[in-house]
Amino acid sequence: MKRILVTGGAGFIGSNFVRFLYRKKRNVHITVLDKLTYAGNISNIADFMDRKDFNFIRGDICNGSLLDRILPGIDIIYNFAAETHVDRSILKANSFVRTDVMGTYTLLQRALKHHTTRFVQISTDEVYGSVKRGSFREDDPLKPNSPYSASKSGADLLARAFYRTYRLPVVITRSSNNYGPYQHPEKFIPLFITNAVEGKPLPLYGDGKNVRDWIYVEDNCSAIELVGRKGNVGEVYNIGAGEERMNIEIASLIVDMVGADRSLITFISDRPGHDRRYSLDTRKIRRLGWRPSVTFEEGIAKTVRWYLKNSGWWKAVRGGSFKRYYRELYSERLARAIERKAKS
Ligand code: NAD
Ligand code: TYD
């Protein structure tokens, strides 16, 4: 029986990862440790609550004494817990530095103390910064441009340092942008699907030509599980499906799939420091035997269907604090854009 700790397991990728593990594996015991911030959602893991091989703890990865109680007997830690939204990190980055840097440091320190036999740090392609041509390799320098990616870089480098200095058996995954079921509706794809369903403007930053390399969340989960099992300690693995798309292409696809009007797409002023393009060289993880199994066209169709079917889930999330955040980030920019549209 492997005892697994999934931090941030009530979030988007973490909850999909728990679902993936139960589908693929017998003989695992999973503990989810999650602070349930605005992004964590207990209903994402409600299906597992009655299982004997599942345990949920509401708590903070910055809390060392709590970790001292949880970690004895844990074989493997997957550290998904983080503050994750670039736009929120631009408004205020305190919680990003606290959780992503200090929280990861605390977890690494306690994993060392309790002799955890594997620590999988979930990092991101955003640590490399933006790339004009070609694709980032694992040994490229880190050049983060947002407070989010800078905080994640701090975590990524601390994880590396704990391997180099103390031989903590760390592996690091850097995946590209994920999409799929249970993603918080403030992120690009779910925001555009849910706004389109509600007939609200789709706020597209800048010229809409920024490129992201999209991966269906289940494919990322299978890659993370493989790295946890077969990855070489001290190594970094890029995870991406090579499905690069401009934001405007995705926005158009979504309105068409939802059956909304393309005029809802509204160009608003750009995100400060907006990375133009992300692209990953994934030859290393492919050499471990991993392949993505879902194309972007299949994945986006599944995702749109999931949000159409689960409107209760996202309507509950798009309540009070979401509305305040939405007003703060978009109201003025949307008003200016709509005024410009009316004049032209
Ligand atoms: P998410 O925001 O949906 O989930 C994060 C989870 O962490 C939430 O459940 C939240 O409650 C929890 N959390 C936050 N602070 C915590 C703390 N101090 N202690 C315990 N729990 C805490 O994020 P996600 O999209 O699922 O991302 C998961 C991980 O994958 C993150 O580390 C992120 O940087 C990384 N990642 C995400 C993407 C993506 O496209 N979503 C891409 C690459 C890497
Ligand atoms: P996001 O989901 O925030 O992921 P990240 O910035 O971490 O890649 O955004 C994906 C892309 O979509 C990014 O280029 C920014 C763009 N975007 C918009 O154009 N409008 C929006 O309202 C949001 C949230 C994102």
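A polar contact is a pair of N or O atoms within 3.5 Å, and this cut-off will help in reading how the protein holds its two ligands. The model described here is predicted, and the distances in it are computed from the atoms.

The idea can be tried first on ligand 2, where a backbone N or O atom of Pro-203 lies 2.7 Å from a nitrogen atom of the ligand, a distance that falls within the 3.5 Å of the definition. Side chains take part as well: a polar side-chain atom of Arg-212 is placed 2.7 Å from an oxygen atom of ligand 2, and an N or O atom in the side chain of Asn-247 is 2.9 Å from an oxygen atom of ligand 2. Taken alone, ligand 2 would expose 510 Å², and the protein buries 97% of that area. The elements that give two or more residues to the shell around ligand 2 are the helices α3 (86–91) and α6 (188–197) together with the strand β8 (202–205), and of these β8 gives the most, with three residues.

Looking at the whole shell, one finds 19 residues around ligand 2, of which the closest are Glu-126, Arg-212, Arg-271, His-274 and Tyr-330. Sorted by class, the shell around ligand 2 holds eight nonpolar, five polar and six charged residues. Where does ligand 2 lie with respect to domain 1 and domain 2? Because domain 1 (2–181 + 215–239) and domain 2 (188–210 + 244–270 + 296–343) both give residues to its shell, ligand 2 lies between them.

Ligand 1 can be followed in a similar way, beginning with the backbone of Gly-11, one of whose N or O atoms lies 3.0 Å from an oxygen atom of ligand 1. In the side chain of Tyr-148, an N or O atom is 2.7 Å from an oxygen atom of ligand 1, while a polar side-chain atom of Lys-152 is also 2.7 Å from an oxygen atom of that ligand. On its own, ligand 1 exposes 840 Å², of which the protein buries 97%. Two or more residues of the shell around ligand 1 come from each of α1 (12–24), β5 (118–124), α5 and β7 (177–179), and β5 gives the most, with three residues. There are 28 residues around ligand 1, and those that come nearest are Ile-13, Asp-34, Thr-84, Tyr-148 and Lys-152. By class, the shell around ligand 1 is made up of eleven nonpolar, 13 polar and four charged residues.

The last site to visit is the second largest pocket, which contains about 300 Å³ of space. It is lined by 16 residues, and the closest to its centre are Glu-138, Asp-139, Arg-160, Arg-174 and Val-236. Which elements each supply at least two residues of this lining? They are α5 (147–166) and β6 (170–175), with α5 giving the most, namely five residues. The helix α5 therefore links two parts of this account, since α5 is among the elements that give two or more residues to the shell around ligand 1 and also gives residues to the lining of the second largest pocket, as elements are defined here by runs of helix or strand. The lining of the second largest pocket has six nonpolar, one polar and nine charged residues.

Terms used
Residues numbered from 1 in each chain as written. Chains lettered and ligands numbered in written order. Predicted model: local features only at pLDDT ≥ 70, side-chain atom pairs only at ≥ 80, totals over all residues. Heavy atoms only, no water. 1 Å grid on protein atoms, 1.4 Å probe; cavity = no way out; pocket = protein on both sides within 12 Å on 5 of 7 lines; lining within 4 Å. Points joined across faces, edges and corners; volume = space filled by probe spheres on them. Helix = DSSP H or I, 4+ residues; strand = E, 2+ residues; numbered from the N terminus. Nonpolar A, V, L, I, M, F, W, Y, C, P; charged D, E, K, R; others polar. Near = heavy atom within 4 Å. Polar contact = N/O pair within 3.5 Å; in protein donor to acceptor, adjacent residues only side chain to side chain. Areas by Shrake-Rupley, 256 points an atom, 1.4 Å probe, with all protein chains shown as cover. Domains from an automatic or database assignment.
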